[in-house]
Amino acid sequence: PGGDIVWNIGTGYFGCRAPDGGFCPDRFRQTASQPQVKMIEIKLSQGAKPAHGGMLPGNKVTPEIAEARGIKVGQTCNSPPVHSAFQGPSGLVCFIRQLRELSDGKPIGFKLCIGQQEEFAALVHAMLKANCFPDFITVRFSCTVLSVHNFEMQSVFNVNGYIPLVCFLPCKWQVDGGEGGTGAAPPEFSDSVGMPL
């Protein structure tokens, strides 16, 4: 009960977690079918915490946390640094397609903090090759905030030697600051990670 939800799915697969910690399609379908879940966002990285997993000690896993995360009370819970449900850009595109089918067409997107332009270029090329696009992308940079909707992108990075990408992605974009990220991020990440916009 409550407000509308953008369900954020990280590497711990909370809300769609299998007993082994991996992705469970049946649990995903069950959670995604709840009417308050309006959109689903795959978290590749966030702000100042890219490719840096986390560990929640068992003594902090209360009954409420255990229920939300799909684990046992008192069980130490690992959020790995990378997803186990897919590998690489093509795998992400297939995962987007799978989640869209399992959720009966709810909007599916992903969030990432861009550190290397080449990695984002590989994602764009995989989407174009498969002709499968997310409904939205949240891109975190190290400075500024800009929201762009129904953005037709002719050249994503076309200044200061950034890689030019000539493409048109039929999705919504949200570009925001990558600074700060999460309280769990090491200071060197908070201060030094993210591509300037």
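**Exercise 1. Find the residue in S2 that is the bridge partner of Asn-8.**

Step 1. Go to strand S2 of this predicted model. The bridge partner of Asn-8 there is Glu-41.
Step 2. Place this pair in its strands. S1 covers residues 5-9 and S2 covers residues 37-43. The two strands run parallel, joined by five bridges.
Step 3. Trace the connection. From S1 the chain passes through helix H1, residues 25-32, and on to S2. This β-α-β crossover is right-handed.

**Exercise 2. Compare the span of helix H4 with the expected value, then list its buried residues.**

Step 1. H4 runs over residues 117-130, which makes 14 residues.
Step 2. From first C-alpha to last, H4 reaches 20 Å. At 1.5 Å a residue, 20 Å is expected, so the two are close.
Step 3. Buried means under 20% relative accessible area. In H4, Gln-117, Phe-120, Ala-121, Leu-123, Val-124, Ala-126 and Met-127 are buried.
Step 4. Recall the helix geometry. With 3.6 residues a turn, residues three or four places apart in an α-helix point the same way.
Step 5. Look just past the helix. Asn-131 follows H4 and has a positive phi, near 50°.

**Exercise 3. Identify the salt bridge and say which parts of the chain it ties together.**

Step 1. Apply the cut-off: a Lys or Arg side-chain nitrogen within 4 Å of an Asp or Glu carboxyl oxygen. The count is one.
Step 2. The pair is Asp-135 and Arg-100, at 3.2 Å from N to O.
Step 3. Asp-135 sits in the loop between H4 and strand S6 (136-141), and Arg-100 sits in helix H3. The salt bridge therefore ties together parts that are 35 residues apart in sequence.
Step 4. Check accessibility. Asp-135 is partly exposed at 31%. Arg-100 is partly exposed too, at 23%.

**Exercise 4. Describe the surroundings of Gln-98 in helix H3.**

Step 1. H3 spans residues 88-102 and contains Gln-98.
Step 2. The relative accessibility of Gln-98 is 31%, so Gln-98 counts as partly exposed.
Step 3. Set aside neighbours within four places in sequence. Gln-98 then contacts Phe-23 and Pro-25.
Step 4. Gln-98 and Pro-25 are 73 residues apart along the chain, yet their C-alpha atoms are separated by 8.9 Å.

**Exercise 5. Decide whether Cys-16 is in a disulfide or in none.**

Step 1. Search the whole structure: there are zero disulfides.
Step 2. Cys-16 is thus in none; its nearest cysteine sulfur belongs to Cys-24, 7.9 Å away. A disulfide needs sulfur atoms within 2.5 Å.
Step 3. Check burial. Cys-16 is buried, with a relative accessible area of 0%. Cys-77 is buried at 1%.

How values were computed: Residues numbered from 1 in each chain as written. Predicted model: local features only at pLDDT ≥ 70, side-chain atom pairs only at ≥ 80, totals over all residues. Heavy atoms only, no water. Helix = DSSP H or I, 4+ residues; strand = E, 2+ residues; numbered from the N terminus. Buried < 20%, exposed > 50% of the residue type's maximum accessible area, 1.4 Å probe, protein only. Contact = heavy atoms within 4.5 Å. Pairing = 2+ DSSP bridges. Right-handed = clockwise from strand over helix to strand, strands pointing away.
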